Amino acid sequence: MTSVSSSTSSASTTSSTTSSASSVTTTGTTTSTSLDWSELITAAVNAKLAQATTIETTITNNEAKVSAYQTLQTDLSTLYSGLSSLATSVVNSLATNAFATRAATISSTGDVSASSALSMSVGNGAATGDHTLTISQIATAQKVVGTTQSSQTDELGYSGTFSLGLEGGSTADIAVTSTMSLQDIVDAINAQTSTTNVQASIVQVSSGSYEMVLTGTEDAADITYSSASGDDILNKLGVTDSSGAFTGVLQEAQAAEFSLDGISMTRDTNDITDVLTGVTFNLIQATPDGATLNISIEADTSQVESAVETFVTNYNTFRDAVMAQQATDSDGTASSSAVLFGDGTMRDIMDALQNALNSTVGGLTMADLGLSFNENNELELDSSTLTEILSTNLSGVATLLSAQTKTSSSRLSVVNTGTSPQSFTLDLTVDSDGNLASAAVDGDSSLFTVSGTTIIGNAGTAYAGMAFSYSGTTSQSITVTSTSGIATQLYQIAKTYSSSTGALQTLITNLQDRDNELQQKVDDIESAASAYQTQLQTQYANYQAAIESANNTLTYLKALLNSSSSD
């Protein structure tokens with residue numbers, strides 16, 4: 001706001017005139033009253049600025065509302081993000097939802113430690129079930145050793161080139177000069193390991209006794225060697241005999257041999273990834289006769305429990321933010337901090353969330369999960385109830401919480417439901433070569449992208465996130481039916497309201513636009529007031545000058561009259 005300061009005062013003069021037969025004398029006082037110019041200007045300008053003060057109060061109130069809306073928006077965003085792992089429940093290797101996560105346990109029968117013989121990892125969507133594993137032998141790489149050398153650093157005096165590698169793999173030539181030591185040769189071999197898959201090392205057997213060891217870095221493959229020119233280096237070091245055969249084989253190359261559920265198999269590695277989809281076995285040691293490893297692969301329900309706990313926390317955080325905007329003082333009126341008191345959009349969001357929470361899906365309700373409202377209307381979770389139902393009715397929990405999508409044909413399998421599942425008829429067109437050409441809904445083929453046998457809902461459409469696989473060879477129309485569980489409903493509500501195009505953002509944008517307009521009005525008023533202040537200061541300065549001029553004239557006239565009287 002503009003502040004004004006200005007003051008001017010005028011002098012006070014006295015005149016006297018005497019009248020007689022020969023002269024006229026007049027006595028009286030003329031006064032230029034002291035004026036508080038600053039007070040006059042300030043009052044006038046502040047009258048102009050009063051409207052700006054009122055508008056600025058409105059702007060401040062709007063900013064408080066914007067902040068409150070943004071808090072709700074942020075809390076809703078956190079809420080839907082936390083629900084994403086519960087909103088869908090499709091089980092496949094690509095799924096990332098809580099229902100697709102898997103856990104494996106390993107126990108043993110007989111004289112073997114399960115953890116000493118096997119480790120494993122299980123990916124999302126792996127088939128659940130129990131399996132029995134026995135390991136006859138683990139895969140090993142060939143390892144050979146040379147004869148004793150007296151020093152690892154002395155020059156050997158050998159000069160030649162040899163080729164090294166693994167059977168069936170790439171080889172590299174290793175050049176040795178007469179000045180190289182045993183350590184130098186080891187370094188030269190290891191410099192080519194990325195090509196040869198052969199590593200070299202030196203073992204100190206005793207003081208002054210060193211042996212070079214060559215080891216393959218891949219299992220079930222023999223080391224290959226040939227002397228190309230000059231000295232036969234590995235023969236000189238006692239690694240090979242005159243025929244080129246290795247003289248000291250510390251470990252034979254062999255494949256892994258094991259049996260899963262009675263089916264015998266062999267692999268060239270101990271990291272088995274191609275027996276059960278999504279499961280990796282890491283074979284560590286062979287199991288003794290009569291001993292078995294017992295494997296159980298199950299849904300990792302701890303992930304579901306964690307997601308539900310996160311939901312309860314996030315829901316209560318949002319609810320607390322809403323309740324803060326409904327606070328009242330002791331007299332029953334809205335609290336000064338409750339800037340959204342009675343807000344319709346906020347009420348609509350809470351109603352929508354509570355309606356979803358009170359849904360019955362598949363014959364179950366949130367109470368079956370151990371969820372309830374306490375005396376403060378906050379969500380509470382009975383963890384023991386949740387754990388129990390997850391162990392006895394996991395599929396029911398998945399139906400209650402997540403999106404479920406089914407098709408009317410076994411030829412169309414669901415890869416992903418997305419978090420906004422739809423029910424519709426999918427018209428599939430197959431060309432003359434039996435290849436899937438297009439997928440359309442109500443004649444619109446732009447809604448889905450076809451890639452081979454995969455059908456993916458396009459981003460920005462109602463079908464975004466949905467994906468299918470088609471194994472048919474003819475054109476047909478297939479009905480897709482979807483239902484939304486509680487978590488899916490809550491996810492959609494929270495995401496819709498908190499999105500950049502949602503109702504909350506619309507309210508925020510409108511308030512911010514209105515504040516911009518009001519601020520422009522304030523700027524205009526203050527600019528006009530500033531100009532008015534300048535005008536008044538000039539005008540009052542002129543008044544003061546006029547008064548001072550009049551006083552000077554009066555003084556002159558007084559002197560003139562007094563002079564005339566004395567004559």
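These are my notebook entries on one sheet and two pockets in a predicted model.

**Entry: the sheet**

I started with the strands. I found an open sheet of 4 strands, ordered β20-β27-β22-β23, with antiparallel pairing. Which strands sit at the edges? I noted β20 (404–407) and β23 (436–440), each of which pairs on one side only. I also looked up the twist: on average, neighbouring strands here are turned by 25° against each other, direction ignored. A reminder to myself: strands in a sheet pair through backbone hydrogen bonds, and they can do that parallel or antiparallel.

**Entry: one strand pair**

Next I picked out β22 (residues 424–430) and β27 (residues 476–483). How many bridges join β22 to β27? I got 5, and the two strands run antiparallel. For a concrete example, I followed L426 across and landed on its bridge partner I478 in β27.

**Entry: the largest pocket**

Then I went looking for open space. The largest pocket holds about 250 Å³. Its lining includes T419, S420, Y491, Q492 and K495. Sorted by class, I have 3 nonpolar, 7 polar and 1 charged residues in that lining.

**Entry: the second largest pocket**

The second largest pocket has a volume of about 210 Å³. Which elements each supply at least two residues of its lining? I wrote down α1 (37–87) and β21 (412–416). Among the lining residues are S84, S85, V415 and N416. By class, I see 3 nonpolar and 9 polar residues, with no charged ones. One thing I spotted while checking the names: T419 is in the lining of the largest pocket and also in that of the second largest.

Technical notes: Residues numbered from 1 in each chain as written. Predicted model: local features only at pLDDT ≥ 70, side-chain atom pairs only at ≥ 80, totals over all residues. Heavy atoms only, no water. Pairing = 2+ DSSP bridges. Axes fitted to C-alpha atoms, helices over the stretch in contact; angles between N-to-C directions. 1 Å grid on protein atoms, 1.4 Å probe; cavity = no way out; pocket = protein on both sides within 12 Å on 5 of 7 lines; lining within 4 Å. Points joined across faces, edges and corners; volume = space filled by probe spheres on them. Nonpolar A, V, L, I, M, F, W, Y, C, P; charged D, E, K, R; others polar.
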